[in-house]
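Student: I'd like to learn how to read a pocket and its ligand. Can you walk me through one?

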Amino acid sequence: MIYETNAPEETFALAKKLGEEAVPGTVFTLTGDLGVGKTVFAQGLACGLGIDEAINSPTFTIVQVYDEGRMPFYHFDVYRIGDIEEMEEIGYEDYFYGDGVCLVEWAELIEELLPENRIALVIEKDLEKGFDYRKITMQEVTE
Ligand code: ADP
Ligand code: MG
């Protein structure tokens with residue numbers, strides 16, 4: 001499934017809809033360069049889950065937990081991960097195989113740990129189509 005957006009609000013709205021429809025145990029992975037809109041997407045998803053709190057990139061904690069929504073929301077940003085061991089240390093399996101919704105920014109850095117079933121999103125720019133254009137590819141993965 002391919003979506004195209006032309007403003008951050010559109011990416012937010014798309015993610016919000018996915019958040020509204022999400023069921024417990026869903027893991028979303030996000031791939032895309034710095035500044036492409038991964039955190040905007042995370043904010044929309046959180047909004048769709050009923051979370052009003054501000055969502056920032058959990059850059060220094062790997063995972064940020066939000067408990068106030070329809071179900072727990074686990075927001076990962078593994079950009080600065082040094083060693084895959086760090087994922088073991090935070091007990092990532094409790095999140096990936098728990099009853100909340102996970103979103104993993106920079107998921108390609110922990111590819112080998114990703115669950116077999118997940119929804120993979122790739123966000124890309126195309127400057128020929130404008131500075132705010134984003135192509136968002138969504139694929140359900142079942143390994
Ligand atoms: P990332 O988390 O991928 O590093 P951010 O979500 O923090 O990126 O930042 C994305 C930036 O791009 C924001 O400043 C946002 O306003 C801007 N932007 C412009 N157009 C879009 C779009 N179509 N979708 C998402 N973000 C967009
Ligand atoms: Mg980010």
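**Reading the pocket**

Tutor: Sure, start with the lining of the largest pocket: its residues divide into 7 nonpolar, 7 polar and 6 charged. Here Ala, Val, Leu, Ile, Met, Phe, Trp, Tyr, Cys and Pro count as nonpolar, Asp, Glu, Lys and Arg as charged, and the others, Gly among them, as polar. Keep in mind that this is a predicted model, where local features need pLDDT of at least 70 and side-chain atom pairs pLDDT 80 or more, while totals for chains, interfaces and linings use all residues. Residues are numbered from 1 along each chain as its sequence is written, chains are lettered from A and ligands numbered from 1 in the order in which they are written, and side-chain values use heavy atoms, leaving out hydrogens and water.

Student: What volume does the largest pocket have, and which residues are closest to its centre?

Tutor: Rolling a probe the size of a water molecule over the atoms shows where empty space is left. A pocket is an open set of points on a 1 Å grid over the protein atoms alone, where a 1.4 Å probe fits, with protein on both sides within 12 Å along at least five of seven lines; lining residues have an atom within 4 Å of a point. In this case the volume, the space filled by probe spheres set on the points, is about 260 Å³. The lining has 20 residues, and Gly35, Val36, Gly37, Lys38 and Thr39 are the closest to the centre.

Student: Which element gives the most to the lining?

Tutor: That's α2, with 3 residues. Helices are DSSP runs (H or I, at least four residues), numbered from the N terminus.

Student: What takes up the space of the largest pocket?

Tutor: Ligand 1 does. A molecule sits in a pocket if more than half of its atoms lie within 2 Å of its grid points.

Student: Which side chains make polar contacts with ligand 1?

Tutor: A polar contact is a pair of N or O atoms within 3.5 Å. Lysine 38 has a polar side-chain atom 2.7 Å from an oxygen of ligand 1, and threonine 5 has one 3.0 Å from a nitrogen of the ligand. Arginine 134 places a side-chain N or O atom 3.2 Å from a ligand oxygen.

Methods. Polar contact = N/O pair within 3.5 Å; in protein donor to acceptor, adjacent residues only side chain to side chain. Helix = DSSP H or I, 4+ residues; strand = E, 2+ residues; numbered from the N terminus.
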